Amino acid sequence: MKKIINDPNQVVQDMVAGMVSGFTKTIKQIPETTVIVRTDAPIKRKVGLVSGGGSGHEPAHAGYIGKGMLDAAVVGEVFTSPTPDQILKAIKAVDGGAGVFLVIKNYTGDVLNFEMAAELAEAEGIQVEKVIVNDDVAVEDSSFTTGRRGIAGTVLVHKIAGAMAESGASLAEVKRVAEKTVQNVRSIGMALSPCTLPAAGEPSFELEEREMEIGIGIHGEPGIERKQLVSADDIAVELTNRLLADFDFSGDVAVMINGMGATPEMELYIVNQKVQTILAEKDINVYQTFVGEYMTALEMAGCSVTLLGLDDELKMLLETASDAPAFRV
Amino acid sequence: MKLTVNNSIQWFLKANEKMQENKEYLTLLDKKIGDSDHGINMARGFQEVANKLPTQDYASVSDVLKDVAMTLMSKVGGAAGPLYGTIFLKMSTAVKGTDPVDYQTFTNGLEEGLVGVKQRGKADVGEKTLVDVWAPVVDFFKQGVDFQADQLVETAENAMDNTKDIQASKGRAAYFKEKSIGHIDPGSTSSFYIFEALAEVIREGE
Ligand SMILES: Nc1ncnc2c1ncn2[C@@H]1O[C@H](COP(=O)(O)OP(=O)(O)O)[C@@H](O)[C@H]1O
Ligand SMILES: [Mg+2]
């Protein structure tokens, strides 16, 4: 393992300290926690927006804190959900009297910890609502199992719910647009090489030199299949077709080409070029495109493609201003 | 035998030793059908429990269990944190008011823990989770009349081994679908250590 760290057991604390130092005008760390909040929180009568999850997905989620997006992010251990007490502190810190909205990625750990925190907050008289993002089409959509994972599409939920909250909308309104976004967003990822958790010291899975995995999760969970590496165009075709087969995107869409941590932007743009061509051929109108690192998996090499079907309301919310360093509009 | 405050503290100190000894093994199990963190999570959480218990004055077993629950909930993280937290919190409530805790009350506490964790995780028997160890252990306690160390270990161990043949439908392991068959469930293994530790306390108390 070769990493720029001080101590494998301190990476999260060290990272959080580094995230706030130098940025103290806009964000602060709640002492003795790994919760990061806007300095102006709680904002009176604005719905507070909280997200979070395991770390290792940077800039998710702390990079999305800012006016027009999140009010707080709860940072867990690497790839491990944060705990209810920490989430509760975040909820309390951003509650301005209009309630708090939680954006949760669909992993058992995240769902359980956020739900427990929500119950604790409600017991203290804070109104809490939530949405669970499950955009990963690589997993079977089933109510009998854990169901689909939440991946890069989560960032678009942050943006849209955040814009709605910033406009002064009620908790119910924020929930409505967040749910609409979840219903209209689909993603799928792929990887070329694995990542190594600092505390584990070795890669969490293996991929051969000329091998890739389609449908991989952002913690290296298995995808749909492993096969020979093919060209960027062929990868783009496979990923895009899987999204189009899962949901009717006719009309306007937003496209996100997301790097998993170790993929040069050059390669992301090569993928984007083909994705745009495919969509044009299908008469799907690309309203907005995002290319870059939004939801990573440490130093995993690979990318994901996200499509979000847009109506006028979602377009407007996507376009309103955001101060978040990792998603400036 | 009846379970005293001291017995219950010993239970978790012993459980911690097992989590530390098997940290790598639990993580390895989680690498096969999860995300390679179960041993790290459990070792972190139980170490915190072991650090805390000897420094406090507990009036009842219920208080010990409550502190264990809150510590695990705030230190383990992942799925296991809220799941184990729920189990011990429900047990704490169920045994409240009886000290030391007799066999029937303890059995009732275990059952309440099981009911709680099934609700929290929306999991039932046969989904390749720690429920598959807790359910048979609760049945075993309900059939018995007094604490039985050897049979407890045997029951928990068999239950743990049996998770190998199950296809996971809950937790991260569900993503592995049929490939999850052939591997023991990490959470069932950490649960086995908890019952193995309990058996040691029972042996000492006899
Ligand atoms: N829905 C559930 N209900 C009950 N137990 C579960 C559930 N999901 C996962 N588990 C248990 O949790 C264990 C995994 O714990 P851990 O690795 O610490 O959390 P995570 O899966 O978040 O990484 C599994 O081996 C399983 O026994
Ligand atoms: Mg795990």
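Trainee: What is the handedness of the crossing of helix 3 of chain B and helix 4 of chain B?

Mentor: In this predicted model, helix 3 of chain B and helix 4 of chain B make a right-handed crossing. The contact draws on B:Arg44, B:Gly45, B:Phe46, B:Glu48, B:Val49 and B:Lys52 from helix 3 of chain B, and on B:Asp67, B:Val68, B:Thr71, B:Leu72 and B:Lys75 from helix 4 of chain B. By character, these contact residues split into four nonpolar, two polar and five charged.

Trainee: At what angle do the axes of helix 3 and helix 4 of chain B cross?

Mentor: Their axes come within 8 Å and cross at roughly 140 degrees, with helix 3 spanning residues 38–52 and helix 4 residues 61–75 of chain B. That angle makes helix 3 of chain B oblique to helix 4 of chain B.

Trainee: Let's turn to burial. Is B:Ser92 buried or exposed?

Mentor: Buried means under 20% relative accessible area. B:Ser92 has 4%, so B:Ser92 is buried. Its place is in helix 5 (residues 80–95) of chain B. Leaving out residues up to four places away in sequence, B:Ser92 touches B:Ser62, B:Leu65 and B:Lys66.

Trainee: And the metal? Which residues coordinate the magnesium ion (ligand 2)?

Mentor: As background, ideal angles at a metal are 109.5 degrees for four tetrahedral donors, and 90 or 180 degrees for six octahedral ones. Here, B:Asp30, B:Asp35 and B:Asp37 coordinate the magnesium ion (ligand 2) through OD atoms at 2.1 to 2.2 Å. Along the chain, the donors follow the spacing D-x4-D-x1-D. Both B:Asp35 and B:Asp37 are buried.

Terms used:
Residues are numbered from 1 along each chain as its sequence is written. Chains are lettered from A and ligands numbered from 1 in the order in which they are written. This is a predicted model: local features need pLDDT of at least 70, side-chain atom pairs count only at pLDDT 80 or more; totals for chains, interfaces and linings use all residues. Side-chain values use heavy atoms; hydrogens and water are left out. Donors are N, O and S atoms within 2.8 Å of the metal (3.2 Å for Na, K and Ca); water is not among the atoms, so sites may look incomplete. Buried means under 20% relative accessible area, exposed over 50%, partly exposed in between (1.4 Å probe, protein chains only). Helices (H or I, at least four residues) and strands (E, at least two) are DSSP runs, numbered from the N terminus. Contact means heavy atoms within 4.5 Å. Axes are lines fitted to C-alpha atoms, for helices over the stretch in contact, and angles run from 0 to 180 degrees between N-to-C directions. Angles under 35 degrees count as roughly parallel, over 145 as roughly antiparallel, 65 to 115 as roughly perpendicular and the rest as oblique. A crossing is left-handed if the near helix is turned anticlockwise from the far one by less than a right angle, and right-handed if clockwise. Ala, Val, Leu, Ile, Met, Phe, Trp, Tyr, Cys and Pro count as nonpolar, Asp, Glu, Lys and Arg as charged, and the others, Gly among them, as polar.
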